[in-house]
Amino acid sequence: MRKIALITGATSGIGKETAKRLAKDGFDLIVTGRRKERLGELKDEIIKDNLHTDVLTLSFDIRIYSEVEANLKGLSGKWKNVDVLINNAGLAVGLNPIHEGVREDWERMIDTNIKGLLYVTRLISPQMVERKSGHIINIASIAGKEVYPNGNVYCATKHAVDAISKGTRMDLINYGIKVTQICPGFAETEFSLVRFKGDKDRADKVYDGFVPLLAEDIADAIAYAVNAPDHVDIQDMLIMPKAQASATIFHKE
Ligand code: NDP
Ligand code: 8X3
């Protein structure tokens, strides 16, 4: 039987490339995000390249529990049994010192990166527990390993993901469920455009002078963890561009 992967935040970047990659690896897919049109385009693209792939698109805001619940509790038929959950939806908004922080930015990050991830995990994990099988992959960050200047609240949300990944692994170990955390360094996606609220010049400058990761590089890592033998759990992967040594140390040409 074909396995099912649910990927949050599949309208762009890492989530989108992961959907395309897992379709090639034989998964049927549930892809989510707010931008409905993009989900439709992704579905068309995947089906065009992988005729046998079944794709379900669900458009909702991960911050709003009632929307998450309506979409995920309503899953029916084969879609109820998600084999792999990839908690990828997330964002940074702003890059300010704490005393100049914008409350709405903090709330967007906390509500998306922590609460949204928890909502989805809470709704999807019980059927994994019941079936004693499943794999949860959380996309954290180098920002969940280190704190950098002005990263305060974003780093806090990714440190929270780190704690949630460890706690989830402990809580689900007796049910045969694997938990993987993937921690990328700088990857060129829409991440910086979102962080700098649509300021493309500022976003592009982030990647000046070095070769950043591509979304495909992280999709490859996710596929490696997903396709590992049953007895192997890839628990935590830190993946950086060659030119990045830490959250703040880069070799730029
Ligand atoms: P993108 O901005 O390209 O993609 C983010 C995805 O998250 C989009 O599909 C977006 O969908 C979704 N999303 C954001 N907010 C919501 C929401 N409220 N409800 C539903 N979906 C939402 O960035 P990346 O691909 O880079 O980011 C993916 C993950 O990787 C994030 O968790 C990020 O923190 C993490 N990461 C990224 C790094 C990087 O350098 N790029 C490095 C380390 C970690 P939509 O807007 O359609 O809702
Ligand atoms: C995204 C990478 O270093 O901007 O999580 O936080 S960083």
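Ligand 2 in this predicted model has a shell made up of S141, I142, A143, Y148, Y154, F186, F191 and R195. Sorted by class, that shell comes out as six nonpolar residues, one polar and one charged. Three side chains make polar contacts with the oxygen atoms of ligand 2. S141 puts a side-chain N or O atom 2.5 Å from an oxygen of ligand 2, and Y148 does much the same thing at 2.6 Å. For Y154, a polar side-chain atom is likewise found 2.6 Å from an oxygen of ligand 2. Taken alone, ligand 2 has 240 Å² of accessible area, and the protein covers 91% of it.

Ligand 1 comes next. Its surroundings consist of 29 residues, with T11, S12, R34, Y154 and T189 the closest of them. The class split here is 12 nonpolar, 11 polar and six charged residues. As for secondary structure, helix 1 and helix 5 each put at least two residues into the shell around ligand 1. The polar contacts of ligand 1 involve two arginines and a tyrosine. An N or O atom in the side chain of R34 is 2.7 Å from an oxygen atom of ligand 1, while R63 has a side-chain N or O atom 3.5 Å from a nitrogen atom of ligand 1. Y154 turns up again, with a polar side-chain atom 2.8 Å from an oxygen atom of ligand 1. Of the 880 Å² of accessible area that ligand 1 has on its own, 96% is covered by the protein. Y154 thus belongs to both pictures: its side chain has a polar atom 2.6 Å from an oxygen of ligand 2 and one 2.8 Å from an oxygen of ligand 1.

Where do the ligands sit? Ligand 1 is in the largest pocket, and the space that ligand 2 takes up is the largest pocket too. This pocket holds about 1,100 Å³ of space. Its lining runs to 48 residues, and those nearest the centre of the pocket are G90, L91, T189, E190 and F191. Helix 1 (13-24), strand 2 (28-33), helix 4 (103-131), helix 5 (152-172) and helix 6 (191-195) are the elements that contribute two or more residues to this lining. Helix 6 is the top contributor, with four residues. Overall, the pocket lining has 24 nonpolar, 15 polar and nine charged residues. Two of the central residues also show up around the ligands: T189 is among the closest residues to ligand 1, and F191 is part of the shell of ligand 2.

Besides the pocket, there is enclosed space to account for. The structure has one cavity of 30 Å³ or more, and the largest cavity has a volume of about 70 Å³. Its lining comprises 15 residues, and V93, G94, N96, M109 and N152 are the ones closest to the cavity centre. Helix 4 and helix 5 are the elements giving two or more residues to this lining. Both of these helices are also listed among the elements with two or more residues in the lining of the largest pocket. In terms of class, the cavity lining breaks down into seven nonpolar, six polar and two charged residues.

Note on methods
Residues are numbered from 1 along each chain as its sequence is written. Chains are lettered from A and ligands numbered from 1 in the order in which they are written. This is a predicted model: local features need pLDDT of at least 70, side-chain atom pairs count only at pLDDT 80 or more; totals for chains, interfaces and linings use all residues. Side-chain values use heavy atoms; hydrogens and water are left out. A residue is near a molecule or strand if one of its heavy atoms lies within 4 Å of it. A polar contact is a pair of N or O atoms within 3.5 Å; within protein, one must be able to donate a hydrogen and the other to accept it, and residues adjacent in sequence count only if both atoms are side-chain atoms. Accessible areas come from the Shrake-Rupley method with a 1.4 Å probe; for residues, only the protein chains shown count as cover. On a 1 Å grid over the protein atoms alone, a cavity is a set of points where a 1.4 Å probe fits but cannot get out, and a pocket is an open set with protein on both sides within 12 Å along at least five of seven lines; lining residues have an atom within 4 Å of a point. A molecule sits in a cavity or pocket if more than half of its atoms lie within 2 Å of its grid points. Ala, Val, Leu, Ile, Met, Phe, Trp, Tyr, Cys and Pro count as nonpolar, Asp, Glu, Lys and Arg as charged, and the others, Gly among them, as polar. Grid points are joined across faces, edges and corners, and a volume is the space filled by probe spheres set on the points.
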